[in-house]
Amino acid sequence: MWFQIFNKSKRSLEEHRKLISIRLEAIGGQGANSAGKIIAEAAVLGMHFTGNHFSSFGSEKRGTPVRSFVRFSPGKQTIRSASYISKPDLVVVFHESLLTKHLEIFDGVHAQTDLIVNTHLKPDQITVPEGCQFRRIMTLDATSIANNNECGLNAVMLGACSMFLNEIDSEVLEKTLLKFFSRLPEKIQKNNQNGFQQGMNKFNECRFEKSQANAQKQTQTLPLMGYLNAPIGGTIINPGNSVLKDNSASRKGVAPKFLKEICFNCGLCDMVCPDFCFVWEKKENAAPTLLGIDYQYCKGCQKCVVACPVEALIPTLEKEIPEEQKKLHVFPQADKDLIRQKWTHADWSQVVSELSNESRMLTLQTELLDAKSYLRPNLINNSETTSSTTPTTEKKKGDL
Ligand code: SF4
Ligand code: SF4
């Protein structure tokens, strides 16, 4: 075995550090913001350190990536920075799909960074991009633990964090967690406590090996749209652009599994679904038949599960949803690979002619996004670096 299992007594692991920076990487709804607040409260109010915390919610929609940042100093040094943490000492990943779909979670990691991942995989099965280094990796199946205990995922992840945070007493962190959720029913508080305890005990840990950083380094293939080159007024000029994004991890690790043989097509599930995820087959002179769920948009809220009168929708761990059921889509699917591949080639008229009718509209929209005429004129030179091959404005206007 290439890795060494450590003694799980955290006191033996390391000396105390002067300043600790923590980055929590999660999907909206997993409780990373609350977890960050709890760590900061435990450090500042419980341990009397200096510290701060804030979160970044992206589009502030439940289901999109959320980042939470905590800094604290046992040495009580003044913490002036309240900005994004670019060199984390601890990275906590609440959803394993972030490891492959959002590689920015590896930004700034270094040889002294610890990594905690919610996954059913062992630490040596995790692959990280070339060039990344860690000190230690811990994995635990926090989703299953949270489901079994009917507690928040963040309670379990906090239990795991306490094993890598020597500076904060585990009891203080646990008490802060209970106080934070003290308005919830007693049963839920008890469940959170159980989840926290199991997070402390049910994990796998290893020291990182450089040979583990063998995942191919990926580069961004779409143009970077940011504050420097965004359209004036922040206008979204490519409607329907979410089709190009992979939102399939947008849930808490649990999604409804559809049992077609039980369903009698009453439509109640569709009436309560906040994201219109249900896919129906419409037939002439016959009632529509429910085919299943578009998991690209399902966020796992379970409202449909509650509404279904015959239990044709069962809450299931995301990884156990049959692959066959994941292929249903509400909207026509753009040929994403072709679009991404062609993005680097400037001949858009050829791209459009090769695409299916459904994809063609999407491509025209993404082409608009790339047009220099929509960028701030004084920043056009800046945008050159973000898109390697952009056709000239004149040609684009003529084409459209
Ligand atoms: S769990 Fe059900 S109700 Fe909630 S988003 Fe998914 S399909 Fe819709
Ligand atoms: S509520 Fe249940 S029975 Fe009714 S359509 Fe939805 S899955 Fe089928």
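The legends below describe close-up views of a predicted model. Local features need pLDDT of at least 70, side-chain atom pairs count only at pLDDT 80 or more, and totals for chains, interfaces and linings use all residues. Residues are numbered from 1 along each chain as its sequence is written, while chains are lettered from A and ligands numbered from 1 in the order in which they are written.

**View 1. The surroundings of ligand 1.** Of the 13 residues around ligand 1, those that come nearest are C273, C277, C298, C301 and C304 (a residue is near if its C-beta atom, placed from the backbone, lies within 6 Å). The shell around ligand 1 holds eight nonpolar, two polar and three charged residues, where Ala, Val, Leu, Ile, Met, Phe, Trp, Tyr, Cys and Pro count as nonpolar, Asp, Glu, Lys and Arg as charged, and the others, Gly among them, as polar.

**View 2. The surroundings of ligand 2.** Ligand 2 has 13 residues around it, of which C263, C266, C269, C308 and A312 come nearest. Its shell divides into eleven nonpolar and two polar residues, with no charged ones.

**View 3. The packing of helices α3 and α4.** Helix α3 (residues 142-149) and helix α4 (residues 153-164), both DSSP runs (H or I, at least four residues), pack at an angle of about 125° with their axes 8 Å apart, the axes being lines fitted to C-alpha atoms over the stretch in contact and angles running from 0 to 180 degrees between N-to-C directions. The contact is made by A142, T143, I145 and A146 of α3 with L153, V156, M157 and A160 of α4 (C-beta atoms, placed from the backbone, within 7 Å).

Key:
Helices (H or I, at least four residues) and strands (E, at least two) are DSSP runs, numbered from the N terminus. Two residues are in contact if their C-beta atoms, placed from the backbone, lie within 7 Å.
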